[in-house]
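Open the model in your viewer and keep the selection panel at hand. The stops below go from strand to strand and end at a pocket.

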Amino acid sequence: DRSAQIKLADVPDIRDGDQVTLAGREKNGVFNALALRNDKTRAVYSIPTTVGYLMGATLGVLGVMTLFILVGVVFIAGGLWTLYEAHNYTRAASMLRA
């Protein structure tokens, strides 16, 4: 009985009357779904996270390489945040697959 939001790259196959299960977190009174499962077809929809892991690792390596000019701190922080978000999306999708 709450509102929910989800952003996906593909349009999920959901019809009127289908029951869905969402995995995510609540923020400012709105449930932000990170993954969606259609309970009728058991299909799980989520954002692919491979690019997020690659970007996070790349930013981390760039951060270590540029740490001597203090710009590296920003790259390392961005890389850690990107890895954290990718992990959250992966965990949400795996919860729905189990």
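Select β2 (20-27) and β3 (30-38): these strands run antiparallel and are joined by eight bridges. The model is a predicted one. To check the register, pick Leu 22, whose bridge partner in β3 is Leu 36. Then move to the turn of this hairpin, where two residues lie between the strands and Asn 28 has a positive phi near 55°.

Next, add strand β4, residues 43-46, which pairs with β3 in the antiparallel sense over four bridges. Here Asn 38 stands opposite Ala 43 of β4. The hairpin of β3 and β4 has four residues between the strands, and among its residues Arg 42 takes a positive phi near 65°.

Now add β1 (4-6). β1 and β3 run parallel, with three bridges joining them. Ile 6 has Ala 33 as its bridge partner in β3.

Colour β3 by relative accessible area, with under 20% as buried. Why is β3 largely enclosed by the rest of the structure? Seven of its nine residues are buried, so the rest of the structure largely encloses β3.

Last, show the largest pocket, which holds about 180 Å³ of space. Select its lining: Gln 5, Ile 6, Lys 7, Arg 25, Lys 27, Asn 32, Ala 33, Leu 34 and Tyr 89. β1, β2 and β3 are the elements that each give two or more residues to this lining, and β3 gives the most, with three. Coloured by class, the lining residues divide into four nonpolar, two polar and three charged. The bridge partners Ile 6 and Ala 33 are both among the lining residues.

Notes
Residues numbered from 1 in each chain as written. Predicted model: local features only at pLDDT ≥ 70, side-chain atom pairs only at ≥ 80, totals over all residues. Heavy atoms only, no water. 1 Å grid on protein atoms, 1.4 Å probe; cavity = no way out; pocket = protein on both sides within 12 Å on 5 of 7 lines; lining within 4 Å. Points joined across faces, edges and corners; volume = space filled by probe spheres on them. Nonpolar A, V, L, I, M, F, W, Y, C, P; charged D, E, K, R; others polar. Buried < 20%, exposed > 50% of the residue type's maximum accessible area, 1.4 Å probe, protein only. Pairing = 2+ DSSP bridges.
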